[in-house]
Amino acid sequence: MQIDRLVRPNIRELVAYSSARDDYKGTANIWLNANENPYGAKYSRYPDTVQKALRERIAEMYNAEQDNIFIGNGSDEAIDIIIRVFCEPSKDSIATLTPTYGMYKVAASINDIKVIEIPLEKDFKINADNVLSLIQSNTKIIFVCSPNNPTANILDREEIIKIINNFDGIVVIDEAYLDFSDEKSYRELINDYNNIIVLSTLSKAWGAAGLRIGFAFANQSSIKYMNRVKAPYNIGCDTIQEAISVLENKKIIEKQIIETKSQRKGLYTMLNGLNCVEKTYRSDSNFILVKFTDSTKVYNYLSEKGIIVRDRANETNCKNCLRISIGTPTENSKLIETLKDYEKSIVCR
Ligand SMILES: *Cc1c(COP(=O)(O)O)cnc(C)c1O
């Protein structure tokens, strides 16, 4: 597939902002090109526009080429930029598989891009034929979140591949929660399919939500356009350095993931034993979607007791559902205890 053909014409023609430092190939020690304060304050210099040091580390870690990696101020920035690269405002549309992560729709709406919301099927399963039949000729991107937020389940690989093979546009696969699943990354397929863009983030398993670092993996052409559209200095110097050191914590993070999965198992047993719980959905993530008999009452009770969960009751096919992140063993016990107290309080009334 020709990526250039899918790109908005004005972006195809766009001459990106160029910094003198990007253009300069030698080693200089006098920098009089960016109107910076020359007296050596800690942050006096602009950061690297292409985050070379961080991309080198990621390329090494994921066995990818640097030219296939985009670094964003969180994956939220990548989502916005992908939409701006491929979708013509007030003309094109994107498709999302609902219920799903809210930022796809927000980013699209900000850019005046229509959103075709296609409900997932029973137990939030994906059906490729259904998706392919509901998109329109102006649909440029399909956002596939797997494991999906807020439902927590992995979406079927064969169905996703079928969409990739049959859609004449970009398929974004958001893998924010992949580390908590047993699924393989679609990152390995970017050389086989040039219409996929795979998103990843340091915000969830890596424990660095406050840092604001997200990655996109794709063919060189898409990455080139994304870098063209992003703000030149989108990531600060400290953030780049911190991200490199976060990536050193792989061993610790792997242990935490194992702990989270074990907590997840325990939470299912406990939740399924509660009368106020109507159903728990399968989770391949660090959270569980739970259908309660009355989610509003449960939500209010928990929040009175200082426990905040995410109310998803108004999302497609999520009536009475709350999304609960898996916490530490202590936090999870406290949650279950509080839900038991809730049940008693209901009976007493
Ligand atoms: C949390 C989350 C992200 C992460 O966004 P960042 O901007 O990287 O923090 C991306 N996609 C989904 C589905 C998420 O739930």
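**Close-up views of cysteines and the ligand site**

Cys 276 has a relative accessible area of 4% and is therefore buried (buried being under 20% relative accessible area, exposed over 50% and partly exposed in between, with a 1.4 Å probe and protein chains only). The model is predicted, so that local features need pLDDT of at least 70 and side-chain atom pairs count only at pLDDT 80 or more, while totals for chains, interfaces and linings use all residues. Residues are numbered from 1 along each chain as its sequence is written, and side-chain values use heavy atoms, with hydrogens and water left out.

**View 1. Surroundings of the sulfur of Cys 276.** The closest cysteine sulfur, in Cys 321, lies 13 Å from that of Cys 276, which is too far for a bond.

**View 2. Cys 87 and the disulfide count.** With a disulfide taken as a pair of cysteine sulfur atoms within 2.5 Å, the count is 0. Cys 87 takes part in no disulfide, the nearest cysteine sulfur being that of Cys 145 at 18 Å; Cys 87 is also buried, at 1% relative accessible area.

**View 3. Residues around the ligand.** Among the 14 residues around the ligand (those with a heavy atom within 4 Å of it), Ser 75, Asp 174, Thr 201, Ser 203 and Lys 204 come nearest.

**View 4. Ligand atoms facing Ser 75, Asp 174 and Arg 212.** A ligand oxygen atom is 2.6 Å from a polar backbone atom of Ser 75, and a ligand nitrogen atom is 2.6 Å from an N or O atom in the side chain of Asp 174. For the side chain of Arg 212, an N or O atom is 2.6 Å from an oxygen atom of the ligand.

Conventions. A polar contact is a pair of N or O atoms within 3.5 Å; within protein, one must be able to donate a hydrogen and the other to accept it, and residues adjacent in sequence count only if both atoms are side-chain atoms.
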